[in-house]
Amino acid sequence: MKKTKKSKREEIVIVTGLSGAGRTAALKIFEDLGYEALDNFPSSMLSIFINQPLKGLIAIGIDIRSRDFNGKKISSFILENKKFLNINVIYFDCDIDILIDRYRESRRRHPLKLDIPIRDIINQEKTWLEPLKKISDYCIDTSNLTIPNLNNTLSGYFSSS
């Protein structure tokens with residue numbers, strides 16, 4: 001079956017980046033923009049999902065918690081499918097000290113829950129996510145970005161109006 005390039009009304013946005021940098025907030029914003037948002041999507045299911053007839057606007061959250069996460073494999077898969085599908089990758093980044101403060105303020109642990117200092121956990125996460133950051137179409141640093149500013153930024157990039 002030959003794949004053809006899809007229109008703007010048929011778009012997949014892969015939302016990824018550091019834990020605590022705004023990925024979940026972004027998925028909620030995409031829902032408000034009319035996208036169907038899927039969070040923590042298993043990496044192994046990505047090929048099955050993407051090879052289905054695409055209808056509409058879809059935002060898929062993928063991070064290190066995703067089952068079978070492998071940044072290199074996911075990046076290769078996305079690059080191959082960008083030839084045929086309208087796929088954009090957004091990578092959310094943030095200053096490590098600000099991420100640590102966000103975890104402290106929320107009293108939540110980093111999702112990796114490794115028994116090492118939080119700074120080391122975040123640096124390990126950065127390493128695992130680097131292949132996705134390299135292929136991202138948009139890299140958004142949320143260190144000094146409020147949710148309303150993030151909403152404006154994403155609406156500017158992805159609003160269909």
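**Close-ups of helix H6 and some salt bridges**

**View 1. What packs over helix H6.** In this predicted model, the cover over the buried residues of H6 includes strand E1 (11-17), helix H1 (23-32), strand E4 (87-93) and strand E5 (138-141). Those buried residues are Leu150, Leu154 and Phe158. They sit on the same side of H6 because they cover an arc of only 45° around the axis. Flip to the other side of H6 and you get Pro148, Asn152 and Gly156, which are exposed. The helix itself runs over residues 147-158, and its 12 residues reach 16 Å from first C-alpha to last, close to the 16 Å expected.

**View 2. Aspartate 39 meets arginine 23.** Here's one of the seven salt bridges in the structure, with the closest N and O atoms of aspartate 39 and arginine 23 2.5 Å apart. The two residues are 16 apart in the chain: arginine 23 belongs to helix H1, while aspartate 39 lies in the loop between strand E2 (36-38) and helix H2 (46-50). Arginine 23 has 6% relative accessibility, so it counts as buried; aspartate 39, at 38%, is partly exposed. Add Asp63 and you have a network of salt bridges linking it with Arg23 and Asp39.

**View 3. Aspartate 93 reaches lysine 126.** This salt bridge comes in at 3.9 Å, N to O. It ties together distant parts of the chain, 33 residues apart, with aspartate 93 in strand E4 and lysine 126 in helix H5 (residues 118-135). Aspartate 93 is buried at 11% relative accessible area, whereas lysine 126 is partly exposed at 26%.

**View 4. Glutamate 80 pairs with lysine 83.** Their side chains form a salt bridge at 3.1 Å, N to O. Glutamate 80 is partly exposed at 39% relative accessibility, and lysine 83 is exposed at 55%.

Terms used. Residues numbered from 1 in each chain as written. Predicted model: local features only at pLDDT ≥ 70, side-chain atom pairs only at ≥ 80, totals over all residues. Heavy atoms only, no water. Helix = DSSP H or I, 4+ residues; strand = E, 2+ residues; numbered from the N terminus. Expected span 1.5 Å × (residues − 1). Buried < 20%, exposed > 50% of the residue type's maximum accessible area, 1.4 Å probe, protein only. Arc of directions from axis to C-beta. Contact = heavy atoms within 4.5 Å. Salt bridge = Lys/Arg side-chain N within 4 Å of Asp/Glu carboxyl O.
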